[in-house]
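Please read the following briefing alongside the coordinates. It takes up the boundary between the domains, then the metal site, the charged pairs and the backbone.

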Amino acid sequence: MRLLVVEDEARIAELVRSALLRDGFAVDVIGLCNDAREALATTPYDATILDLGLPDGDGLRLLKELRGRGNAVPVLVLTARDAVEHRVAGLDAGADDYLIKPFAMAELVARTKALLRRPGGALGITLKAGNVVFDTIGRDVRVADKGLVLTRREIAILEHLMRRAGRVVPKSVLEDKLYGVDDELESNAIPVHVHHLRRKLMDHAATIEIHTVRGIGYLLVDSRS
Ligand code: CA
């Protein structure tokens, strides 16, 4: 799940970004209205977290434009303006939910997940391959209806491979998705996680296999088909 955070205050943006990353989301952060407009026009985000007060424009106007173009991306609005009329204006402009600053990061994550769960919101909430079912919101993996306990990074790898089942996922893409700039990345980190993931899938009689495409990356296939 890829999220866009539009927030110009660097400190808040970083807190929001790291809270969402911890929950397994891929996160882009943008601080300007114009850049956000461009990103939203070119990238199919699963949800957007939008601060209303931006240095080069009003988030509300951006939101209205977005809805005017028929873009239905779920939007959680952030604002310091704690007035009922602003809340109403935000919802009128097409926001799906509203959060007043300051807010708890846990609250932001919970609200974001709620947006993604809404019908008509993000697609691909439940991924299926073979006898494996992945709930991308609950971060819950089941094999033949039995729960499978995975680490956060194993889950993230499995999600990316399931989203692209039957297609090769380059190792560099998994590295980008899994590790932020501050994380130390050992050169064998991804292969080690994949190794553990494979063993867990095998132990649970999963009917999917993760193939190594030497020098490139990984490929998830349904071994029954
Ligand atoms: Ca702001």
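Between domain 1 and domain 2 of this predicted model, the count of residue pairs in polar contact, with both residues at pLDDT 80 or more, is 0. On the side of domain 1 that touches domain 2, the elements that give two or more residues are α1 (10-22) and α5 (105-117), and α5 supplies the largest share, 3 residues. Sorted by class, that side of domain 1 holds 4 charged residues, 2 nonpolar ones and 1 polar one.

**Domains and their boundary**

- The protein chain is divided into two parts, with domain 1 covering residues 2-117 and domain 2 covering residues 126-222, and the centres of the two domains, taken over C-alpha atoms, are separated by 29 Å.
- Contact between the domains involves 7 residues of domain 1 and 4 residues of domain 2.
- About 620 Å² of area is buried between domain 1 and domain 2, and carbon and sulfur atoms give 54% of this area.
- Although charged residues appear on the side of domain 1 that touches domain 2, the count of salt bridges between the two domains is 0.

**Calcium site**

- Which protein residues act as donors of the calcium ion? They are D8 and D51, each through OD, together with G53 through O, and they lie 2.2 to 2.4 Å from the ion.
- Along the chain, the donors of the calcium ion follow the spacing D-x42-D-x1-G.
- Because D8 lies in the loop between β1 (2-6) and α1 whereas G53 lies in strand β4 (residues 53-54), the pair ties together parts that are 45 residues apart in sequence.

**Salt bridges**

- Side chains of opposite charge can pair when their charged atoms come close.
- A search of the whole structure finds 16 salt bridges, and one of the pairs that form a salt bridge is R37 with E65, whose closest N and O atoms are 2.7 Å apart.
- This pair links distant parts of the chain, since R37 belongs to helix α2 (residues 33-42) and E65 to helix α3 (residues 59-68), with their positions 28 residues apart in the sequence count.

**Backbone geometry**

- The peptide bond that runs from K101 to P102 is cis, with omega near -5°, and P102 is placed in the loop between β7 (97-100) and α5.
- What is the sign of phi at D145? D145 has a positive phi of about 70° although it is not a glycine, and D145 lies in the loop between β10 (140-143) and β11 (146-148).

Terms used
Residues numbered from 1 in each chain as written. Heavy atoms only, no water. Domains from an automatic or database assignment. Contact = heavy atoms within 4.5 Å. Buried area = accessible area lost by both parts, 1.4 Å probe. Salt bridge = Lys/Arg side-chain N within 4 Å of Asp/Glu carboxyl O. Polar contact = N/O pair within 3.5 Å; in protein donor to acceptor, adjacent residues only side chain to side chain. Helix = DSSP H or I, 4+ residues; strand = E, 2+ residues; numbered from the N terminus. Nonpolar A, V, L, I, M, F, W, Y, C, P; charged D, E, K, R; others polar. Donors = N, O, S within 2.8 Å, 3.2 Å for Na, K, Ca; no water.
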